[in-house]
Amino acid sequence: MQDTVGRILKTLHGTEAGTWFWSCYEGGANGRVFTKDEAVFGVERAYTRRVVKADWR
């Protein structure tokens with residue numbers, strides 16, 4: 001559990017200042033949310049869906 005699977009960044013400037021951006025390296029899922037906790041959840045959920053192949057058809 002030491003691999004890097006995504007990133008979380010806080011927007012400091014512009015019209016979206018104070019929001020958080022997250023992205024998952026595998027699969028390219030990403031989003032913009034209002035709290036760091038939501039960003040952490042977004043990365044965790046996206047990576048878990050990728051690992052269990054939830055979106056494969």
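**Before you start**

The mean positions of the 9 positive and 7 negative charges of the chain lie 4 Å apart. Here Lys and Arg count as positive and Asp and Glu as negative, with His and the chain ends not counted; each charge is placed at NZ of Lys, CZ of Arg, CG of Asp or CD of Glu.

This is a predicted model, in which local features need pLDDT of at least 70 and side-chain atom pairs count only at pLDDT 80 or more, while totals for chains, interfaces and linings use all residues. Residues are numbered from 1 along each chain as its sequence is written, and side-chain values use heavy atoms, with hydrogens and water left out.

**Exercise 1. List the elements of the chain in order from the N terminus.**

Step 1: Count the elements: the chain has one helix and three strands. Both are DSSP runs numbered from the N terminus: helices are H or I with at least four residues, strands are E with at least two.

Step 2: Read along the chain from the N terminus, and the elements run β-β-β-α.

**Exercise 2. Work out which strands join β2.**

Step 1: Start with β1 (residues 6-10), which runs antiparallel to β2 and is joined to it by five bridges. Two strands pair if DSSP finds at least two bridges between them. In this pair, Ile8 stands opposite Trp22 of β2.

Step 2: Turn to β3 (residues 30-33), also antiparallel to β2, with four bridges between them. Trp22 stands opposite Gly31 in β3.

Step 3: Follow the chain from β2 to β3. These two strands form a hairpin with five residues between them, and Gly27 in the turn has a positive phi of about 95°.

**Exercise 3. Assemble the sheet and place the helix on it.**

Step 1: The strand order in this open sheet of three strands is β1-β2-β3, with antiparallel pairing.

Step 2: Look at the edges. β1 and β3 each have a single partner strand, so one side of each is left without a neighbour in the sheet.

Step 3: Add helix α1 (residues 36-51), which packs on the sheet and touches β1, β2 and β3. Contact means heavy atoms within 4.5 Å. The direction of α1 makes about 15° with that of β2; axes are lines fitted to C-alpha atoms, for helices over the stretch in contact, and angles run from 0 to 180 degrees between N-to-C directions.

**Exercise 4. Is β2 mostly covered or exposed?**

Step 1: Buried means under 20% relative accessible area, exposed over 50%, and partly exposed in between (1.4 Å probe, protein chains only).

Step 2: In β2 (residues 20-24), four of the five residues are buried, so by this definition the strand is mostly covered.

Step 3: For the chain, buried residues make up 23% of the 57 residues.
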